[in-house]
Amino acid sequence: MSEDMSIESYLAAGGILTNPSNVPPRYRAELMKLMATFVDSELAGAAGFADIINAGPGIKERISAAKIVLEKTDNADRVLRIMGEFGANTDKYANHHPWTARLDRDAPAGTERAEQDMRLAVFNYPLDGWVDAVVMNLLMGRAVAVQMGEFSMVSYQPLAEAFRAIAPVEARHAELAEEGVAKLAEGDNKAALQAAVGYWWPRVAGSFGSTSSIKADTLKAMGLRKSTNAELKARWEAETKAILEKFGLTAA
Amino acid sequence: MARFHDLTVTDVHKTIRDAVVVTLQPVNGAAEEFDFTQGQYLTFRQDFDGEELRRSYSICAGKNDGVLQVGIKRVDGGAFSTWANEDLKVGDTLQAMPPMGGFFSALDAGNEKNYLGFAGGSGITPVLSILKTTLAAEPNSTFTLVYANKGVNTIMFREELEDLKNTYMGRFNTIHILESDAQEIDLFTGLVTEEKCAELFQSWIDIKNIDMAFICGPEPMMLGIAAALRSAGLDDAQIKFELFASSQPGRAKRKAVSKGGASNANQASASITLDGSTQTINMPKDISILDAALENKMDAPYACKAGVCSTCRCKVLEGEVEMVANHALEDYEVEKGYVLSCQSFAVTDNVVVDFDQ
C-alpha cells in the first residue's frame, strides 16, 4: 500500500484529520484561530445577551433569552474543549477576556476595543433594549446558520462533529428570535424593529469578513473552508431578506 | 489539561512478526481515567537519549474484554515502535494520557444497524476495538470488515478475527484484500481504491443498508474509500475517520543553540519563517516576536495574546528568547524550542524563529 502521501496533498484532496498528533503546524494555527473566533464570539454573545434577560416583556421571553445564554455558553465549551486537546488552558481561557466589554453604540465601523479578543466585530456593539436584542439575534442567528453549514464540513473531524451538534441548537436560537420578531411585529413596534434592522444589518454583514480575503485559497487547500466570504454573505442576505419581508421590514 | 499516568505492562505478545499487543494496567488509582470508549487511543511519552517522544496508539481491546490493550506495529526508523517491539517487557512502566479520540458512534442494545469497517494494516487496531464492542453490545447489529494488507503474513489479529467470525456467526464478516498475495477471487487482490470499493458495493457489500462506516488506514486509502462511500450515498455524519499520519517523525532534531553575545542595546534582528517564506526584520527587544511579525505585515497566527491558547506557537531555531508567560505549552514542547510568540521577547541580538515547524 502506498503510504507516501503528504498531509498537505491529502488535505487538498479532501482528506480528514482526526487528532492533534497529525495536524501540520500551519493547519494547527489556522484551526486554532477558527476555534478561538467561535469560542470568543459565543462567550461575548452570551455575556451581552445575559444582560437582556430581564428586559424580556414576559416570562416566556425571559426563558427564551436565558436558554440562549445557557446554550451559547455550552456551545463555547464544546469547542474550547477541542482547543484544550491542542494544549489550550481551558480554565484560564474562559476568563482571560472581559466578555461583557463593548464599544459605544455609535462607534464607527472598524473601531477596535482596547482589550482585543477574537470575537467577530459585531459582538463589540452593545444591545439597546429588548426589541434591539431580538432583531440582532435574528440577523446574527441567520448568519450563524450559514456559517454552521460551512464549518460542519471542516477537515478536522472532532470540530466538524462539534459543529454538527451545535448547528441545530443555534438554528433554534434563530427560530426563537424569529418568533420574537413575529410577536413584536403584531404590536406597535414597527419603527423600533426597522431601526434595529438598520443598525444591525451592516454590522452582521461585516461579520462575514472581507470579500477579497487573500487567505481563501490557503484555507480551502487545508479543507478549512469551502465557500468564499462573498458566497456566504450572499446566501445570508438572500435568506434573511426573505424573512424580514414577511414582517414588512427591509434590509438597510 | 490531560495528565500523564503510570501504567504497568502486564503482557506483551506478538501478533505478527513486527507488531506487538501490549496489555496495560493503570496504577495509583488511575483506573477510572482509563475507562475508554471503543476506538479511542492512548498517547504515550518516553525518553530517548534525553529527548521526550510522544506517540499515539489505538486501543485494540473491546469494552467487554476487561483489559486495556494497544497494538503497536514497528515503523521503519521509528524510535518508539521499535523500542516497544524489541525492548518492552512485562513489569515495565509506561506513561500515557487518558484515552482520547472520537472514532466511535454511540451504541444501544436495541439498535439493528449494519456497520462497515475499513482497515489498512495496523489501522485494524481501533476498528477491532469497535467491532468487538459493537457485536457484543448490539445483538441485532451486523459488522462487515474490509481489511487491507500486503500479504497473508502481515495480517494483524488474523486468528482473533477468525474466532470472532465463529462467535458471531452470520453477524460478522471479513473481506481480506491482499496487495501482493493472489486469492481465489480477483477482486480481493490489489489495493483498496475508490474503484475497488465501488465493485465491492455492487456484489459483496449491501451498501444501501449500511448505517455507519469506519475508516482507519493510510491517507490515499482513506480518500478513496471516503469518495466511494459518498458516491454510494453516505453523508459525512455516517463516515468516521481515524488517521495516524504515517509521517510521524522518528526522532526530533535538536535545536541548534547559538551562543550569540547578548545585548546590542535594545535592538535585535529576527528571521521569521511563515508559510514557507522568511523575512528578516529589526525589532526592539521590548516588543513580542508576534507583535514584531504583525507590525511587519506578516500574517502570524494568534488568538488570545495572553499565553493561554497556544495558537501563536513557533519554534526558536537560533538565539534566545524569554517567554514571560506560558499557560499552554508543556515542558517537552519548551525543551524542543517551542515558544508562545505572543509572550516571547528577544534576548540575544539575533533570533531565528519558524512558524512552519
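This dialogue walks through how to read several features of a predicted two-chain model.

Biologist: What should I keep in mind about numbering and confidence before I begin?

Modeller: Residues are numbered from 1 along each chain as its sequence is written, and chains are lettered from A in the order in which they are written. Because this is a predicted model, local features need pLDDT of at least 70 and side-chain atom pairs count only at pLDDT 80 or more, whereas totals for chains, interfaces and linings use all residues.

Biologist: How many residues of chain B are in contact with chain A, and which elements of chain B give two or more of them?

Modeller: Two residues are in contact if their C-beta atoms, placed from the backbone, lie within 7 Å; helices (H or I, at least four residues) and strands (E, at least two) are DSSP runs, numbered from the N terminus. Here 44 residues of chain B are in contact with 39 residues of chain A. Helix H5 (219-231) and strand E11 (239-242) of chain B are the elements that give two or more residues to that side, and H5(B) gives the most, with five residues.

Biologist: How are helices H2 and H3 of chain A packed together?

Modeller: Axes are lines fitted to C-alpha atoms, for helices over the stretch in contact, and angles run from 0 to 180 degrees between N-to-C directions. Helix H2 (residues 25-50) of chain A and helix H3 (residues 59-85) of chain A pack at about 160°, with axes 8 Å apart. That makes H2(A) roughly antiparallel to H3(A), a term for angles over 145 degrees. Among the residues that meet are Met35(A) and Phe38(A) in H2(A) and Ile68(A) and Val79(A) in H3(A).

Biologist: Which residues have the most contacts inside the largest nonpolar core?

Modeller: A nonpolar core is a set of buried Ala, Val, Leu, Ile, Met, Phe, Trp, Tyr and Cys residues joined through C-beta atoms within 7 Å, where buried means that 20 or more other C-beta atoms lie within 10 Å of a residue's own, and exposed that 12 or fewer do. The largest such core has 167 residues, and those with the most contacts inside it are Met35(A), Val135(A), Ile215(B), Ile225(B) and Cys309(B). Leaving aside neighbours within four places in sequence, Cys309(B) is in contact with residues including Met32(A), Met83(A) and Ala328(B).

Biologist: Is Pro168(A) buried or exposed?

Modeller: Pro168(A), found in helix H6 (residues 157-186) of chain A, counts as exposed because it has 10 C-beta neighbours inside 10 Å.

Conventions. Angles under 35 degrees count as roughly parallel, over 145 as roughly antiparallel, 65 to 115 as roughly perpendicular and the rest as oblique.
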